[in-house]
Amino acid sequence: LGESRDLIITGGPLERAWQQDTQAMQAQLSSVKIFARLSPFQKEQIIQAVRKSEKSYSFMCGDGGNDVGALKEADVGLALLSGFGNANVDAKNQEEQKADVGKAEDALEAVRKENQQKAQEIMQKSKVEMERKRKDLVSKQQEWIQEELEKRKARGEDVGVMAQFSAMKSVMGRLQTEMKKEQELQQKKHGTAFAAGAAKWAEGLDSVEDTPMVQLGDASTAAPFTTRTPSISSVVDIIRQGRCTLLSAVQQMQMMMLESMIAAYTMSTMSVDGTRPSEPQMMASGVFVGIASLAFSFARPLDRMHPVRPLSSVFHPANLFSMLGQLAIHLFCMVYIANLAKEVMGEEAVRDIIEFEKERNKRIEAMTEEEMSEWNWFSSVPFKNNLLNTCCWLVETAQQVSVIFVNYKGRPWMKGLLENQPLFLSLFVCIGMVAVCAWGVVPFLNSTLNLEVVPEELRMKVIWTLLASLVGTFIWDRLMVALCAPHIMAAQLEEAKATTWKDFLPLLQTAGMIVGGGLLFVSGNPLLWGGAFMMYRNWKKTTEAKASAST
């Protein structure tokens, strides 16, 4: 019956069923959808029974002292400071809402918006009352000054200019005291907009004077979460936020593990061949990855909760096998590029690098503590640029970027990569910097980072290997998710199909503003662009005219 119907039970029948067969009732509690008119002890009993008999977690929300026991027993407790009355339903328009609203979360959102509108009306009425009271008190200010002067005159005190200033000071103090009393009265009458709302909305907004005083719920003393909104929609908000936090934590663990292993292997590969990354290279890669990791924190949950739950552990087969496969692909690409670099360099160049690094290590060990304390101590120790070091650093940096790109899975639980503009742009900036360094477009940058320009016969191989590393890890990760967690893959494909070209517009607008701002900063004046273009066109016409005249 519970599979085809929504079962409801009240406190009386529940108590009798509990007394007849406690164990059987505990086993069937999951079939009941709604528990109504329960005593505080029964609420606590239900939470305890669900936690013992079901492999699930309990979430309890309540607004009063009678909910404290259940809130303490539940895995997650939410106190509604003003969640009483008909705050979550509209008795006048229930049938219309059933026809208009298709999903429960849409109904909660509609109630939330209605509550916010009513709260604004309450705040507006309170503001009008305060303004009226202020005007009344200000109109009495001159009268109070005369009263104060009469009192001084009756006491035989001076009523000259100084006395008038003293009287004005006393009246201002009285005015402030009266305004403070009025504010306290308004606070008792209205409370916060939401705290007062639940009491007033049940009675209507026709009379502000007769509105009952709102008392904050005692449930907040027993619950780790508290909300002032008089709606159970906060339960959905907590679950959405929790899923976003869980997914972010799992993905960050994956990225940290992969990036650590890639960096460790890169360091060991170069150490075996007698070379090592320079300090500027390590600082640059750390800054690149740090910016991307910081941009990762901009992830936000979506406005709607998806029925599919995200993977909750980094050791889930989909995540574990994905990490192992990604690591194997990255390491294979690293070994391949390192061997190509050594072939291009030749054995003699590799031996020279090994000998140079030995001498460099001796010089570093001989440095005093005072010399090492300088922030730029590494600039006093020579570093020999070499192709092996350059290729390994470029591959390592690109792989760390691809790790973030592949393992960031936003939708349907949090904002996707296209919506997280800081992360998306930082990743592509890192990829662009790798290409710039490989081609040696900015010699100063290569010189600062101790990088060599990658030879033409090796350059495209490096770029294609990096693309293969990125695409290969992406395909492997999605394949493991499809095999080990098909429900997750189905949810992600559903979101991917809903992506349109309009989703790229905010990203392109941001990128355009960044590029435009950079050009403006570099050039100093947009008029120079037009002048430079005109000069180039005139020079081109002159050159073509000379060429045609000579022929």
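**Note on the predicted model: sheet, core and confidence**

1. Leu 78 stands opposite Phe 225 in E5, and this pairing is a suitable place to begin, since the model is predicted and the reader will want residue pairs to inspect. The strand joined to E5 here is E4, and the two pair in the parallel sense over three bridges.

2. On the other side of the sheet, E3 and E4 (residues 76-80) run parallel and are joined by four bridges. Within that pairing, Phe 59 stands opposite Val 76 in E4, and Gly 62 stands opposite Ala 79 in E4.

3. Taken as a whole, the sheet is open and has three strands in the order E3-E4-E5, with parallel pairing. Its edges are strand E3 (59-62) and strand E5 (225-227), each of which pairs on one side only, and from one strand to the next the twist averages 20°. As a reminder for reading such an arrangement, strands of a sheet pair through backbone hydrogen bonds, either parallel or antiparallel.

4. How much of E4 is buried? Four of its five residues are, so that the strand is mostly covered. For the protein overall, which has 551 residues, buried residues make up 38%.

5. The secondary structure of the protein comprises 21 helices and five strands. Among contacts between residues at least 6 apart in sequence, 75% join residues at least 24 apart.

6. The largest nonpolar core holds 61 residues, among which Tyr 408 and Leu 423 touch the most other members. At least two residues of this core come from each of helix H10 (233-272), helix H11 (279-296), H12, helix H13 (347-366), helix H15 (387-407), helix H16 (421-439), helix H18 (456-484) and helix H19 (486-497). The helix that gives the most is H15, with eleven residues.

7. Which residues does Leu 423 touch, if those up to four places away in sequence are not counted? They are Ala 292, Ala 295, Phe 296, Ile 404, Tyr 408 and Leu 417, and Tyr 408 is itself named with Leu 423 as touching the most other core members.

8. His 330 lies in helix H12 (residues 317-345). Is His 330 buried or exposed? Its relative accessible area is 1%, and it therefore counts as buried, the cut-off being under 20%. Leaving aside residues up to four places away in sequence, His 330 touches Ile 262, Gln 399, Ser 402, Val 403, Ser 469 and Thr 473.

9. Two cysteines deserve a separate remark. Cys 244 has a relative accessible area of 5% and is buried, while Cys 437, at 1% relative accessibility, counts as buried as well. The structure holds zero disulfides.

10. On confidence, the protein averages a pLDDT of 77, and 81% of the residues score at least 70. Over residues 94-102, however, pLDDT stays under 50, and the model has four contacts beyond four places in sequence for this stretch. Residues 192-216 also have a pLDDT below 50, although beyond near neighbours in sequence that stretch has 55 contacts in the model. Where pLDDT is low, the predicted coordinates should not be read in detail. The contacts listed for residues 94-102 and for residues 192-216 come from stretches with such pLDDT values.

Terms used: Residues are numbered from 1 along each chain as its sequence is written. This is a predicted model: local features need pLDDT of at least 70, side-chain atom pairs count only at pLDDT 80 or more; totals for chains, interfaces and linings use all residues. Side-chain values use heavy atoms; hydrogens and water are left out. A disulfide is a pair of cysteine sulfur atoms within 2.5 Å. Buried means under 20% relative accessible area, exposed over 50%, partly exposed in between (1.4 Å probe, protein chains only). Contact means heavy atoms within 4.5 Å. A nonpolar core is a set of buried Ala, Val, Leu, Ile, Met, Phe, Trp, Tyr and Cys residues joined through side-chain atoms within 4.5 Å. Two strands pair if DSSP finds at least two bridges between them. Axes are lines fitted to C-alpha atoms, for helices over the stretch in contact, and angles run from 0 to 180 degrees between N-to-C directions. pLDDT is the predictor's confidence in each residue, from 0 to 100.
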